[in-house]
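The following exercises are to be worked through with the sequence and the coordinates at hand. Each task is followed by a stepwise solution.

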Amino acid sequence: MDLTSRVAAPRSRQGKGGDEGDSMPFETALEGVESIIERIESGEIGLEESLSEYERGVRLLKRCKDILKRVEQRVEELNAELSKHDEAEAD
C-alpha cells in the first residue's frame, strides 16, 4: 500500500452526511476535477449545470487539499523520525 492510499483511507468519523469525495482517493478526486474543467471549458454543458459542476469541483479540490495536507504532515513526521535516528547513530 502506498503512502497516498494510506492517507486517503476513509476517516472513521465520517458517516452518512459526508460529501461525495470524503472517502475518494486523491487520484480519483483529481481526475474528477480535470473532467469538470474540460466539460465547463468546452461549453458542452449549460450555465446552471456548469455552476453545479463547479460546486462539485470545489468539494473535490477540498478533498485533494486535505489529502495533500495529511501527506505533508506524515512526511514531516517521518523525516523527524529519520533525523532522530541519524542523530542517535552519530552519538
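**Exercise 1.** Determine which residues Glu-53 touches, not counting residues up to four places away in sequence.

*Solution.* The model is predicted: local features need pLDDT of at least 70, side-chain atom pairs count only at pLDDT 80 or more, and totals for chains, interfaces and linings use all residues. Residues are numbered from 1 along each chain as its sequence is written, and side-chain values use heavy atoms, with hydrogens and water left out.

Step 1. With contact defined as heavy atoms within 4.5 Å, Glu-53 touches Ile-36, Arg-39, Ile-40 and Ile-45.

Step 2. Glu-53 lies in helix H3; helices are DSSP runs (H or I, at least four residues), numbered from the N terminus.

Step 3. Glu-53 has a relative accessible area of 10% and is therefore buried (buried means under 20%, exposed over 50%, partly exposed in between, with a 1.4 Å probe and protein chains only).

**Exercise 2.** State where Arg-39 is placed and whether Arg-39 is buried, partly exposed or exposed.

*Solution.* Step 1. Arg-39 belongs to helix H2, residues 26-42.

Step 2. Because its relative accessible area is 21%, Arg-39 is classed as partly exposed.

Step 3. Beyond its neighbours within four places in sequence, Arg-39 is in contact with Glu-44, Ile-45, Glu-53 and Arg-56.

Step 4. A C-alpha separation of 8.2 Å is found between Arg-39 and Ser-50, which are 11 residues apart along the chain.

**Exercise 3.** Compare the expected span of H2 with the distance between its end C-alpha atoms, and identify its buried residues.

*Solution.* Step 1. The expected span is 1.5 Å times one less than the number of residues; for the 17 residues of H2 this gives 24 Å, in agreement with the 24 Å between the end C-alpha atoms.

Step 2. Phe-26, Ala-29, Gly-32, Val-33 and Ile-36 are the buried residues of H2.

Step 3. Viewed down the axis, these residues fall within an arc of 125°, so they line one face of H2; the arc is taken from the directions between the helix axis and the C-beta atoms.

Step 4. Glu-31, Glu-38 and Glu-41 are exposed on the other side of H2.

Step 5. Gly-43 follows H2 and has a positive phi, near 80°.

**Exercise 4.** Where does Val-58 lie, and how far is Val-58 from Val-33, C-alpha to C-alpha?

*Solution.* Step 1. Val-58 is located in helix H3.

Step 2. Val-58 counts as partly exposed because its relative accessibility is 31%.

Step 3. Val-58 and Val-33, 25 residues apart in sequence, are 8.2 Å apart in space.

Notes. Helices (H or I, at least four residues) and strands (E, at least two) are DSSP runs, numbered from the N terminus.
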